[in-house]
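Reader: I would like to go through this structure step by step, with the reasoning spelled out for each point. Could we begin once the sequence and the model are in view?

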Amino acid sequence: MEQFRRTGRTRGKNVITNERQYDVIVVGAGHAGCEAALAAARMGCSALLLTINLDAVALMSCNPAIGGLAKGHLVREIDALGGEMGKNIDATGIQFRILNTRKGPAVRASRAQADKQLYRLRMKTVLERQPNLDLKQGEVTALVVEEGRVTGVDTRVGLRFSGRTVIITTGTFMRGLIHVGLTNYPGGRAGDLPSIGLSDQLRDLGFRVGRLKTGTPARLDGSSIDFSRLEPQYGDDPPIPFSFSTERIEQPQVPCHIAYTNERSHDIIRSGLDRSPLYSGVIEGVGPRYCPSIEDKVVRFPEKSRHQTFIEPEGRDTVEVYPSGLSTSLPVDVQIAFYRSIVGLERVEIMRPAYAIEYDYVDPIQIRASLESKLIANLYHAGQINGTSGYEEAAAQGLMAGINGALRVQGKEPLVLRRDEAYIGVMIDDLITLGTAEPYRMFTSRAEYRLLLREDNADLRLREHGHRVGLVPEEEYGRFLEKRERLRSELDRLKSSKILPSELDEVVAEKYQLHGLQNAVTFEELLRRPEVTYDDLAELDPTYGEIPRGVREQAEIQVKYRGYIERQQVEVERSRKMEGTALPADLEYASISGLTGEVREKLLKHRPETLGQASRIPGMTPAAITIISLTLKGRERS
């Protein structure tokens, strides 16, 4: 039973303190907050998840989908580490597709449409049933900081919760301002209140607080759309799950539909630009370069006569649909005319207007690789507060913050994933070394070792980490060990099993161009051929049907791309020494002779934790890295 005691006044308000001390307090229950709270609780810590609205837990504020290019990699990595996002979309997804199937395995990516309300409700149920986790409604307005260390949070109604660590995952809520045309009003998203006060305190504590912007399309009434005039797009059959623990997708699947804007659409948009907050200077925040609004597309690409949109259902039991790629902050009358100019949407009704939203974020250069703040001990930031965009980027950070907050409480070293180990490692390293002045989005091109960081091998890369910290249950870990052993055995079998010329019939020999074969050929040698797939081996290999799909997929990739993979592994080993060289927090760059003033300024601003991080700071020269390395060696000798 909770007990409270009155502790006086703070910041001019009466404060009532909850006498229970939590190990981990998570502020915000979006995709980052859910993963953070679940991770901490599953690792045995007492956790509290505070959110402004308990009915909006894990709400998909923008597109009703999970995954996509590079984002699908993040979801697979979250799942491999023991997170929940992959399982949640597998249980609530209504269309699954693998993207980039005609390209190499490094850039193939999974994406799934979600039943938006089912996704939210299932995640809330998981949170409510999680031992060690309390879920409460309350707006956090201030952190409690004592002697440079966070010790709890205060809420709008005067409640104080004490915690050994605090994770901030505020999404777009900090000083959120919604724009529809030249009308604007405070909001964390449409229908929700903003968070007021927290970003002001962060600024007072020394954090560099900036302003970003994002947007979302209108939600349309699907019953007012003529889908017979649109092009249907179906998912994969059978649908492939995200989670390594999901055997198959059971729920029925639905199609999306493709539509296009036209010259009339673009004329309508241009006619409303004088009332666009984006082009009239009302919006100050920087928007996402790679996900621009439709008015931005029309202005930036005047030569394009049309832009594609996917009409995506928001669920099986609702008429609401989401026109992907058509986000806007134009006035509602312009929105109606624009959407109705699209073929098939001539009579469409808007159920929820499109809008843009500005919000505060904190410069991610001020956090460590563990996502702990450099300024306030035991304070972690995850998600859009770090300048990222997207559910997947947020969830990945939330998971890592939850893991590291729990490890801090347990007195253990943080889990930091390397760039050659995970897309999560690439993203966090990018944020803390490069910072961001616009919403950061994950791309496969950001990873220099992307052939090693494929979706299909996320469990082989990260399952051990998840089990070690206590997030992967023994049953799931046992299945992983079995799969890994079967893969090793299969690779050995492919290498040793041979096809004898005398055993080939004419049809098979002709199909695989094996006429005139003088010597036996192994299955591995045959599989190396670009035109031969693992499925082709079914005609030659009597044991084919006994090999699980995941093992077959892994074996084929490892055989076909072995040379490329080995080359990337050599590059990884070459750079690992630099990545593992720690830079002392008290290293006085000002006293290191040979460094230019510009380099010193960058080092003092970024305060990199390793030599590898320092090498990736923009403007850092190889000569400067050499000088720092020699300085470290000198310190070791003295």
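Author: What follows is a series of questions and answers on a predicted model.

Reader: Into which domains is the chain divided, and which of them is given as two segments?

Author: The domain assignment of the chain lists domain 2 as 219–358, domain 3 as 485–565 and domain 4 as 581–637. The remaining entry joins 14–211 with 361–469, and the domain given as two segments is domain 1.

Reader: How much area do domain 1 and domain 4 bury between them?

Author: The C-alpha centres of domain 1 and domain 4 are 31 Å apart, and 10 residues of domain 1 are in contact with 8 residues of domain 4. The size of an interface is often given as the accessible area lost when the parts come together. Of the area buried between domain 1 and domain 4, 51% is on carbon and sulfur atoms, and the area itself is about 800 Å².

Reader: Which residues form the salt bridge between Asp429 and its partner, and how far apart are the closest N and O atoms?

Author: Between domain 1 and domain 4 the count is 1 salt bridge, and on the side of domain 1 that touches domain 4 there are 4 nonpolar, 1 polar and 5 charged residues. Across this interface of domain 1 and domain 4, 5 residue pairs are found in polar contact. Asp429 pairs with Arg616 in a salt bridge, and their closest N and O atoms are separated by 2.5 Å.

Reader: Is Leu48 buried or exposed, and at what relative accessibility?

Author: Leu48 belongs to strand β3, residues 47–51. Leaving aside neighbours within four places in sequence, Leu48 is in contact with several residues, among them Tyr22, Val24, Leu133 and Phe161. Since a residue under 20% relative accessible area counts as buried, Leu48 is buried, its relative accessibility being 0%.

Reader: Which residue has its backbone nitrogen 2.9 Å from a polar atom of the side chain of Asn18?

Author: Asn18 is part of strand β2, residues 13–27, and counts as buried because its relative accessibility is 1%. A polar atom of the Asn18 side chain lies 2.9 Å from the backbone nitrogen of Arg20.

Reader: Where do Arg156 and Glu139 lie, and how many residues apart are they?

Author: The two residues form a salt bridge in which the closest N and O atoms of Arg156 and Glu139 are 2.9 Å apart. Arg156 counts as partly exposed because its relative accessibility is 38%, whereas Glu139 is buried, with a relative accessible area of 14%. The salt bridge of Arg156 and Glu139 links distant parts of the chain. Arg156 is in the loop between β9 (149–155) and β10 (159–168), Glu139 is in the loop between β7 (133–137) and β8 (140–146), and the separation is 17 residues.

Reader: In which helix do Arg488 and Glu485 both lie?

Author: The side chains of Arg488 and Glu485 meet in a salt bridge at 3.8 Å, N to O. Arg488 is partly exposed, with a relative accessible area of 47%, and Glu485 is partly exposed at 41% relative accessibility. The two residues, Arg488 and Glu485, are 3 residues apart, about one turn of the helix, and the helix is α12 (residues 474–496).

Reader: Why does the pair of Glu524 and Arg562 tie together parts that are apart in sequence, and how many residues apart are they?

Author: The side chains of Glu524 and Arg562 meet in a salt bridge at 2.8 Å, N to O. Glu524 lies in helix α14 (residues 523–527) and Arg562 in helix α16 (residues 562–579), so the parts that this pair ties together are apart in sequence by 38 residues.

Reader: Which residue is joined to Asp237 by a cis peptide bond?

Author: Most residues other than glycine have a negative phi, and most peptide bonds are trans. The bond in question has an omega of about 5 degrees, and the residue that it joins to Asp237 is Pro238.

Reader: What is the phi of Asn378, which is not a glycine?

Author: Asn378 is in the loop between β20 (355–362) and β21 (379–381), and it counts as buried because its relative accessibility is 7%. Its phi is positive, at about 70 degrees.

Methods:
Residues numbered from 1 in each chain as written. Predicted model: local features only at pLDDT ≥ 70, side-chain atom pairs only at ≥ 80, totals over all residues. Heavy atoms only, no water. Domains from an automatic or database assignment. Contact = heavy atoms within 4.5 Å. Buried area = accessible area lost by both parts, 1.4 Å probe. Salt bridge = Lys/Arg side-chain N within 4 Å of Asp/Glu carboxyl O. Polar contact = N/O pair within 3.5 Å; in protein donor to acceptor, adjacent residues only side chain to side chain. Nonpolar A, V, L, I, M, F, W, Y, C, P; charged D, E, K, R; others polar. Helix = DSSP H or I, 4+ residues; strand = E, 2+ residues; numbered from the N terminus. Buried < 20%, exposed > 50% of the residue type's maximum accessible area, 1.4 Å probe, protein only.
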